[in-house]
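Me: Could you take me through one part of this structure closely? I would like to look at a single sheet and what surrounds it.

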Protein chains: 2
Amino acid sequence: MSGNPSDRYVIGVDFGTLSGRALVVRVGDGEELGSAVHEYRHGVMDRHLASSGGKLPPDWALQDPDDYRDVLRCAVPAAVAAAGVDPANVVGIATDFTASTPLPVVADGTPVCELEGFRDRPHAYVKLWKHHAAQPQADRINAVAAERGEPWLQRYGGFISSEWEYAKALEVLEEDHEVYERMDHWVEAADWIVWQLCGEYVRNACTAGYKGIWQDASSPTSDFEEALNPEFAGFAKSKLEHRIGALGDRAGGLTAHAAAWTGLPEGIAVAVGNVDAHVTAPAARALEAGQMLAIMGTSTCHVMNHDQLVEVPGMCGVVEGGILAGSFGYEAGQSGVGDIFAWYVDNQIPGRYFAAADAAGESIHDHLTELAFAEPPGVHGLIALDWVNGNRSVLVDASLSGLVLGQTLSTRAEQGYRALLEATAFGSRMIVETFGVSGVPVREFVVAGGLLKNRHLMQLYADVLRLPISTIGSEQGPALGSAIHAAVAAGAYPDVRAASGAMGRVEQAVYRPDPHAANVYDRMYAEYRLLHDYFGRGGNDAMKRLRQLRLEAIA
Amino acid sequence: MSGNPSDRYVIGVDFGTLSGRALVVRVGDGEELGSAVHEYRHGVMDRHLASSGGKLPPDWALQDPDDYRDVLRCAVPAAVAAAGVDPANVVGIATDFTASTPLPVVADGTPVCELEGFRDRPHAYVKLWKHHAAQPQADRINAVAAERGEPWLQRYGGFISSEWEYAKALEVLEEDHEVYERMDHWVEAADWIVWQLCGEYVRNACTAGYKGIWQDASSPTSDFEEALNPEFAGFAKSKLEHRIGALGDRAGGLTAHAAAWTGLPEGIAVAVGNVDAHVTAPAARALEAGQMLAIMGTSTCHVMNHDQLVEVPGMCGVVEGGILAGSFGYEAGQSGVGDIFAWYVDNQIPGRYFAAADAAGESIHDHLTELAFAEPPGVHGLIALDWVNGNRSVLVDASLSGLVLGQTLSTRAEQGYRALLEATAFGSRMIVETFGVSGVPVREFVVAGGLLKNRHLMQLYADVLRLPISTIGSEQGPALGSAIHAAVAAGAYPDVRAASGAMGRVEQAVYRPDPHAANVYDRMYAEYRLLHDYFGRGGNDAMKRLRQLRLEAIA
């Protein structure tokens, strides 16, 4: 590598649910010079398989892996062109992906869905993170693991998700044995795309740990696999385990084939894969102990580093090197945030609010937020639980549902909206407090994701959490995070922490707690906590019984 | 009295909140021949006093008594004309009124607000039932009565309302001493209008009992009055007590003055006054033990007779002869029913539902009901509490508020609407069960009021209550009930029961419980009950604390 870092560039590519985005970043200072988006041609296949038109069962969500290659073929050159840089000065590329988004491949990395005879087999395709049809398998994994006292279970808050690698692999075995037999590797798309770029299969430490139950340098035992299903015995050894790469490591050099797709120089550094949430931490300079990064969008993902291994109740996972090599990376989550607000706006807001928002030239969310926060906290008299999409942390219970309490005949729609915003802040406080009492204190809350634009929401979080809120300074957090990893893989920085310091962007303590508001929210949080424990910890299992009744009534 | 009953007629006049309605009814068979409505010129004065333009405080609601005379002058002759009957064949008139709606008058019945020097004094006017500014006085009445162990307190479910005679009289004393001194009688409008018609002041057994704490032929003691306020001592003896008239008795004969107003023959029977809810029982032929009449509108009032005196927890009152001479009349209530549905429609229904209702030529309520009941019970997975306007029976707690539980991202607006309908049915079941375990069993649920038109709602009540639902056969229940009392006062029938049998109208057991739906609703009611007791009986006083926080936050 040669030349002035200010003349050298890296590419970060963020593979999302519906599209991939490539971002060109200057190595020296993290300046974002150009980007391009490519939408997946097949999007999310959740009703029909594109190749055959065959109907998919409920809860399925597949993708076609060739759509990911299209992002390399289309978005990368377009971003380089938009940035106006000479491709010869691009020194590295890195990617991040949704997760857990695994696919079955054969020894050379070819997806099973691209093999003759398997094109019309749904199980041969990529199972997108939100494919939820492996719930029976996940239930069995959790029951068997709990019964056997598997030591890794508490590393995941006591709960292995149906979204992750083991449940989905077991689903393939039990529902399409030929696909299971045919595959040589069960690969995260995060690693498959790197394989496509550099010809090397390297499992990244992040997905291997958070999604693949890779803990203390080993997988679950064959005995455990056999207890799930005798034919599943040997799964990890035969189809999962492989070389692990640390985040920011060079996985290999760009192949001639991939150089032709992307227009980038052959041989440049290709970084080990990563996950969209976790890769954002260096982009937001949120790598130190005490800093919790919340990526707030339809849901919220919380990630943070700490120097010790602790089992925090209800977390999603703790993985050594899962966010930053040399640290223990923690993840927690709220399963519904922005999508609860969107649900409320779609289903509970009268037309006159939309008309007023239009007249004011505001979005409906901005309009409701302004109306709702025109009055001091506590005036609406409401408390809600943020469980409309279930609860991930800290209760880990998808069968929970929503609650709103305190309505009077003078309660207005925007007050209900605010109560839901507040409920998500209380949910985050529950997570922050649980981390704190478990020995992982949080001193700063850093926000990335689309919801950071809502200033009232950010101030609310500062007040409820009694923490300063910092906000990421990039609108492309994951892609910038990937670019940082590309720079490290290219050798431009000694490690991700150093690259983050030079290339990451954050506005520090933009929101600080207002003591008066915080006092009012403390009283409301006390109510939230009471309801949270009563309905979430066995005081009253009404939500579970109503869910059961609902299933029976539908059937 | 002479001639064939089929040629004789009676007039029932129903004085509501905004207008009075006169109905001409044939004595022999209850046929309704014509009616007319007159709207009160001053309506409800809740912001300004009409005479002076002076601003009224919050929670006030006054009326001008001359508006009631206008109903006699306008609606009665118009109804007779519309019926096409000869006024000479009208043999009696009876009235019913909102309650408790008292006013201060001097010895000859002249309202204090019509005296020189008092026209601009708000306390000189009629205090409409929904005047709620006497809450501090009511709180004191309840505290003092409970502390002294007043024996009558349990006749009112342990709770004297701010709407009733004592709280409002004490308010006059403490806020306008001159008005209090000037008045010779504190009279229910129900009795004042009869006084206007026949020149006789007779307190009707219904308001005296339910609103005036007249129990076991006596008022609260002077000691009790003194404990409330030394200057209040002697109130009952000096300003309240008077001859009590049984319902259906003749109070006197129509005066020449009132005959001129109404165009009716001088000297015809004028019946003792009555209350709009209670007077409906004979109109719906719901006079027997085991029959509960529910007048379902913005709120629901439940009335029923029983042959024994029992203290039912949380009832509004039990009064001997309060509904029918010779029986013990029980009253209970739900403080929010139709107005909760209206609140939800105004504040939580998206515009597309209104557009679809318009396109289908349906009311929004009909449209939502059809949508919501297109799926079987239990599918929506929701439970609500019907406390958006507080709870009257059986918790007697105005500080309670609403709750909805069970929302998911697929919950639709019409499902929330149905959950509220169901919540009111569960609230009625709570009342029916409380009566039952107290020794006042309910075997039939008879419905009057505007909501009986909603067939899905009626079937829901049948299923939830596991009782046959009968519906009144008249759209003018109170006025028909008054006409029945007029016929008795005129001597056309020996008593109200006999007149009800001949003139009342009911469709029996129109709705019967569906066993399958009832089983599902049983499971939902079990959830309602748990929440009811947890939030209503001290398990979690969140609603009270949030209300307190709200008051502080507003202040």
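Reply: Happy to; below is a walk through the open sheet of chain B, its helices and a loop residue, with a short look at the chain contact at the end.

Please keep in mind that this is a predicted model.

Let's start with the strands. The sheet in chain B is open and has six of them, ordered β3-β2-β1-β5-β12-β11, with mixed pairing. At its edges stand β3 (32-39) and β11 (250-253) of chain B; each has a single partner strand, so one side of each lacks a neighbour in the sheet. From one strand to the next, the twist averages 20°.

One pairing is worth tracing by eye. Strand β1 of chain B, residues 9-15, runs antiparallel to β2 of chain B, residues 19-26, and seven bridges join the two. If you want a place to begin, pick B:Y9, whose bridge partner in β2(B) is B:R26.

Now for the helices. Helix α5 of chain B, residues 189-198, packs on the sheet and touches β1, β5 (90-97), β11 and β12 (269-271) of chain B. The direction of α5(B) makes about 155° with that of β5(B). Helix α16 of chain B, residues 477-489, lies across β1, β2, β3, β5, β11 and β12 of chain B, and runs at about 135° to β1(B).

Follow the chain on from α5(B) and you come to B:Y201, in the loop between that helix and β9 (203-204) of chain B. B:Y201 has a relative accessible area of 6%, so it counts as buried, the limit being under 20%. Leaving aside residues up to four places away in sequence, B:Y201 touches B:H185, B:W186, B:V187, B:D191, B:W195, B:L240 and B:H242. B:Y201 also lies 8.0 Å from B:A251, C-alpha to C-alpha, with their positions 50 residues apart in sequence.

Finally, a glance at the partner chain. In all, 53 residues of chain A are in contact with 53 residues of chain B. The area buried between chain A and chain B is about 4300 Å², and carbon and sulfur atoms give 57% of that area. Four salt bridges are counted between chain A and chain B. A:E552 forms a salt bridge with B:R523, where the closest N and O atoms are 2.9 Å apart. On the side of chain A that touches chain B, α19(A) gives the largest share, nine residues.

Key
Residues are numbered from 1 along each chain as its sequence is written. Chains are lettered from A and ligands numbered from 1 in the order in which they are written. This is a predicted model: local features need pLDDT of at least 70, side-chain atom pairs count only at pLDDT 80 or more; totals for chains, interfaces and linings use all residues. Side-chain values use heavy atoms; hydrogens and water are left out. Two strands pair if DSSP finds at least two bridges between them. Helices (H or I, at least four residues) and strands (E, at least two) are DSSP runs, numbered from the N terminus. Axes are lines fitted to C-alpha atoms, for helices over the stretch in contact, and angles run from 0 to 180 degrees between N-to-C directions. Contact means heavy atoms within 4.5 Å. Buried means under 20% relative accessible area, exposed over 50%, partly exposed in between (1.4 Å probe, protein chains only). Buried area is the accessible area (1.4 Å probe) that two parts lose on being put together, summed over both. A salt bridge is a side-chain nitrogen of Lys or Arg within 4 Å of a carboxyl oxygen of Asp or Glu.
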